[in-house]
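User: I'd like to go through how a few labels in this structure were earned. Can you set each value against its cut-off?

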Amino acid sequence: MLINLLSHYASRLKGGDYQIDTRLDLTDVISLVRRRLAMKTRGYIRFPFRGHRPFIGSGVRIRARGRIKFGGSLTIDDGAFIDATSVNGVRLGHNVSLGRNSRIECTGNIQNLGTGFCAGDNVGLGTDNLFGSAGGIKIGRETIIGNYCSFHSENHNTSDIKTPIRMQGVTRQGIEIGEDCWIGSRVTILDGVTTGRGCIFAAGSVVRSGYYEDFGIYAGVPAKLVRFRDGENGNAA
């Protein structure tokens, strides 16, 4: 009975059918409810005047809260970090989750503000991930991201061998991930990447600057097209 009530409540929050596994013990359910209540309480404390209140885990750090906008049912799990200091700030859609110990960092140097970060509805941002958003990161709705991934949306200039690299400035192209993509565990996404919708990137891939076609499956270092999801072969060498 309790599980059915909680499933109904979760479905309302997420805007779609959500059924909690009935094999959970009552003690597990009670522990879960207590944890979510504590997270919601932190959301009220951190964002007291917002239309939506997020679920915020323990040890979460947030900078530049005024630059963060978000929809309903946002979860920021234990140990996560958001620094929204940037031109566009951080924009998170409905039912977004930022997993344990994941970081969204929008500016690396306050001499040159970063662009910012944007994720659409129903995006899972995984655990232990880094989203370096100085050059701008956009992630389309329904996309899921595995654990230990990193996104790097700027590059250091290196052409002048007489000047230290750290003093040569940076270039920024930005990263844009399409809707309904799956980024596997330990994938590295570099500056200048744009993907179509429905792409899959295999675990451990390194994705270099360029365009990646709709519904392609990519793997390797650097990532190359293996095949399309409908079974057609790609042009991978």
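Analyst: Sure. A disulfide here is a pair of cysteine sulfur atoms within 2.5 Å. Keep in mind that this is a predicted model.

User: Then why is Cys 118 not called part of a disulfide?

Analyst: The closest cysteine sulfur to that of Cys 118 is in Cys 106, 11 Å away. The cut-off is 2.5 Å, so the two sulfurs are too far apart for a bond.

User: How do you know that Cys 181 is not bonded to Cys 199?

Analyst: By the same kind of check: the sulfur of Cys 181 is 4.5 Å from the one in Cys 199, its closest cysteine sulfur. A disulfide needs the pair within 2.5 Å, so this is too far for a bond as well.

User: How many disulfides does the rule give?

Analyst: Zero.

User: What makes Cys 181 buried or exposed, and what about Cys 118?

Analyst: Buried means under 20% relative accessible area, and exposed means over 50%. Cys 181 has 1%, so Cys 181 is buried. Cys 118 has 33%, which falls in between, so Cys 118 is called partly exposed.

User: Where is Val 207, and why is Val 207 called buried?

Analyst: Val 207 belongs to strand E21, residues 206-207. With a relative accessibility of 0%, set against the under-20% cut-off, Val 207 counts as buried.

User: Which residues does Val 207 touch?

Analyst: Leaving out residues up to four places away in sequence, Val 207 touches Val 187, Thr 188, Ile 189, Leu 190, Val 193, Phe 201, Tyr 212 and Ala 223.

User: What makes E1 and E7 edge strands?

Analyst: The open sheet has three strands in the order E1-E4-E7, with parallel pairing. Strand E1 (55-56) and strand E7 (97-98) each have a single partner strand, so one side of each is left without a neighbour in the sheet.

User: How do you know that E4 and E7 are paired?

Analyst: Pairing takes at least two bridges, and strand E4 (residues 75-76) shares two with E7, in the parallel sense. Ile 76 stands opposite Leu 98 in E7.

User: What kinds of residue line the second largest pocket?

Analyst: The lining divides into two nonpolar, six polar and three charged residues. Among the lining residues are Glu 154, Arg 166 and Arg 172, and Glu and Arg count as charged. Ile 165 and Val 170 are also in the lining, and Ile and Val count as nonpolar. The pocket's volume is about 230 Å³.

Key:
Residues are numbered from 1 along each chain as its sequence is written. This is a predicted model: local features need pLDDT of at least 70, side-chain atom pairs count only at pLDDT 80 or more; totals for chains, interfaces and linings use all residues. Side-chain values use heavy atoms; hydrogens and water are left out. Helices (H or I, at least four residues) and strands (E, at least two) are DSSP runs, numbered from the N terminus. Buried means under 20% relative accessible area, exposed over 50%, partly exposed in between (1.4 Å probe, protein chains only). On a 1 Å grid over the protein atoms alone, a cavity is a set of points where a 1.4 Å probe fits but cannot get out, and a pocket is an open set with protein on both sides within 12 Å along at least five of seven lines; lining residues have an atom within 4 Å of a point. Grid points are joined across faces, edges and corners, and a volume is the space filled by probe spheres set on the points. Contact means heavy atoms within 4.5 Å.
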